[in-house]
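Below is a short report on the structure shown here. It takes up the contact between two chains, then the make-up of one of them.

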Amino acid sequence: MQVNGEYKPLIVAFCCNWCSYAGADLAGTNRSNYPDNVKIIKVPCSCRVNPMFILRAFQRGADGVILCGCHPGDCHYTSGNYYTRRRMALLFSMLNFLGIEKERTRVEWVSAAEGAKFAATMNEFTEAVAKLGENKRLEDLRCKR
Amino acid sequence: MQRIGVFVCWCGSNIAGTVDVQAVSEALKNEPGVVFSTNYQYMCSQAGQELIINSVKEHNLTGIVVCSCSPRMHEATFRKTAAAAGINPYMVEIANIREQCSWIHKDMEIGTEKAIILGKAAIAKVNLNAPLTPGESPVTKRALVIGGGIAGIQTALDIAEAGFPVDIVETKPTIGGKMAQIDKTFPTLDCAACILTPKMVDVAQNDKIRIFSYSEVEDVKGFVGNFDVKIKKKARYVKEDICTGCGVCTEKCPMKKVPNEFNLGMDNRRAIYIPFAQAVPKVATIDPNACNMLKSGKCGLCAKVCTAGAIDYTQKDEIIEEKYGAIVAATGFNPISMDKFDEYAYNQSKDVITSLEFERLTNAAGPTAGKLLRPSDGKHPHKIVFVQCVGSRCESCAEKGKEYCSKICCMYTAKHAMLTRDKYPDTEVYVFYIDVRTPGKAFDEFYRRAVEEYNVHYIKGMVGKISPEGDKLMVRGSDLLNNKQLTIDADLVVLAAAIEPDKSARPLATMLTASMDTNDFFTEAHPKLRPVESPTAGVFLSGACQGPKDIPETVSQASAAAAKVIGLLAKDKLTGNPCVAQANELMCNGCSSCEKVCPYGAITYVDKEFRMPNRTTAIRRVASVNPAVCQGCGACTVACPSGAMDLNGFLNKQIIAEVDAICK
């Protein structure tokens, strides 16, 4: 996304309420810095994230989308993150076809105790997306003002 | 159209330090739906909440956005405020501008910019919020305590005291846990058995408490107030209700060489055994791996000598199903394995023992009847070296030890050293330590007594190597305060092994859907304010399963967990979570995709009559969600191919609105 004529990657992070959102909170409590490019949307479980939400974010100009959930086996809803894993494997396998680099998306498992991991993951992901440059391929021109 | 009020909190300087709150409230004023926007020092304070209530009335607000700390912190507070102001509590959304913004960014401009975007996303969501009403569910007035150590015992006694029935599930044949194995307790040096066993008897005699010993939790289903639990009662081949605990069978059994796990394998028991004299329930158990009769059908001596006729070789594992309103995890701890610590020669020499083994050696009911004798030759040791932090605070050796401090070792080592010097004044005692940590009531005084009155030699430094030479153990370590290397020819070495959560905790956490930290300790709902609750509603934590603890701390936490359980069981009805799935019957085509992914079985299908064109009707199969069972994960919403399934509170259009607001 262009901000004041400069490329600044915009990253949408979907975080599950029980593990990753709490992990993000812990990163905040510990004052672990991560880039302001990352904007978090809270969902009850990572399995709530419809692949459409991810595509929508890309259409509207997001440069990267990251999906964070509980570690496999630790899902608050027992099996939600397993659905996420399978659904995202399917979605990601089609991204190249849609014209988006696969590296712009990622699924990460971050527990409520892993504030440091959350911050590190966001730092690393933002850097990786910054290297890819601006996402232009899927941008819906109808959304341009 | 909503009439939204935006309330930006300064949180003192926590938010206002890196976010220009005035600019945020100004910028959000012109968002669609917003009719009022303001900021205040502490929105969660009474004055702040009154500000919200008054503004709702003054501006006729229908929705509220609070830009403040994490919703995990104060969402409930502001929902109550909304209810007090007369609007539906689910018309409140929180923009997390503290944990996700002011605390991670140092630049005012960046922080303000991000706070505005987060605020916009919350406003976009509230614009699509609808009032929600939670359903109610009944509470089963019975509690389950998993683990029968001092933590589980105390929790069960306190819950029973309030008049609620409690079941204790314990994997071992007796309750009592680690405390039953301990000799004396610090810092008072009273005998552990003398203070524990009366409590064990209380449990046995309490008609509100049932003990499932030699049993395991097999399966947990349901939710707060309504857990369905399957308990596997393992076959002990002795009828519990008939056995009198006389112990004749345990004396006559010919299988004499079974390592006695209660004494940590330092002596032997028979194939049929009672772990210790004060066991509760005092019932014999046959070890199926050692018993000849069970293995080959040859023997049957115990059945012959049992005058009560309690032996039953045909007994099978039994599954008990019971409903509970609350579950308390009290699975406790174990010392870590010393197998990987080759440098301490634990596996090479019998005279290198762990502290728990030392407890058994000094216990009057232990393998040596309380005489401190070397396990190898039964001689009295004259020089004992204690090594602290074996596997604790071990950052560099994460693959074999633990990074955390095990908390109890400094004190019990001081206790062991003191007791040894007291009973055997001719014995020299050395303690190697990194730091001596004694933060507890009368703890430091206790440690100083060990040094000053009992002349225990404390040496600051780590032990590098222990090597058996003849009948001595050469302990090579460093003395950091005198800056020199030491070699001590010890007769006995005691390792203060780090403690770790019991191995049963991990599978249990999976069954309970309770979260754990990286060390497999249960995570608490809030580290400071909700330390005895798991984030999973209805699951509580007692004792060392939550983190290393000594006995007084364990008992206080156990009672605190009991108080929380009593608070829950005292309610007749619980209000549920209204953020549940809902099917749009007009769009649903009855394909069953949602039913297959639902982890709770909350979705069923009903035949419904629909009006069709030309005044005809048709009966169609459509999904129906049971709101009392649905937990609101949203798996079904994505599985639904026709987009008929949606999740209240996290509607598709709401999440998309948030995405759009962020990407604008």
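In this predicted model, the contact between the two chains draws 42 residues from chain A and 40 residues from chain B. On the side of chain A that touches chain B, the elements giving two or more residues are α1 (20–29), β4 (38–43), α2 (51–59) and α3 (80–98) of chain A. The greatest contribution to that side comes from α1(A), with 6 residues. Sorted by class, the side of chain A that touches chain B holds 21 nonpolar, 12 polar and 9 charged residues.

Chain B has 664 residues, and 50% of them are buried. The chain contains 18 helices and 34 strands, and its C-alpha trace spans about 95 × 65 × 40 Å along the principal axes. Of the contacts in chain B between residues at least 6 apart in sequence, 70% join residues at least 24 apart.

One helix of chain B can be checked for length. Helix α5(B) covers residues 108–126, and its 19 residues should span 27 Å at 1.5 Å a residue, because the expected span is 1.5 Å times one less than the number of residues. The C-alpha atoms at the ends of α5(B) are 27 Å apart, in agreement with that value. The helix is also mostly covered, as 16 of the 19 residues of α5(B) are buried.

Strand β6(B), residues 143–146, is covered on both faces. On one side lie B:A143 and B:V145, on the other B:L144 and B:I146, and all four are buried. β6(B) pairs with two strands of chain B, β7(B) and β18(B), as set out in the table.

| Partner of β6(B) | Residues of partner | Sense | Bridges | Bridge pair |
|---|---|---|---|---|
| β7(B) | 166–169 | parallel | 4 bridges | B:V145 with B:I168 |
| β18(B) | 326–329 | parallel | 4 bridges | B:L144 with B:I327 |

The link from β6(B) to β7(B) involves a helix: together with α6(B), residues 150–161, these strands make a right-handed β-α-β unit. The two residues of β6(B) named in the table, B:V145 and B:L144, belong to opposite faces of the strand. B:V145 has its bridge partner, B:I168, in β7(B), while the bridge partner of B:L144 in β18(B) is B:I327.

Notes
Residues are numbered from 1 along each chain as its sequence is written. Chains are lettered from A and ligands numbered from 1 in the order in which they are written. This is a predicted model: local features need pLDDT of at least 70, side-chain atom pairs count only at pLDDT 80 or more; totals for chains, interfaces and linings use all residues. A residue is buried if 20 or more other C-beta atoms lie within 10 Å of its own, exposed if 12 or fewer, and partly exposed in between; C-beta atoms are placed from the backbone. Two residues are in contact if their C-beta atoms, placed from the backbone, lie within 7 Å. Ala, Val, Leu, Ile, Met, Phe, Trp, Tyr, Cys and Pro count as nonpolar, Asp, Glu, Lys and Arg as charged, and the others, Gly among them, as polar. Two strands pair if DSSP finds at least two bridges between them. A crossover is right-handed if, with the strands pointing away from the viewer, the path from the first strand over the helix to the second runs clockwise.
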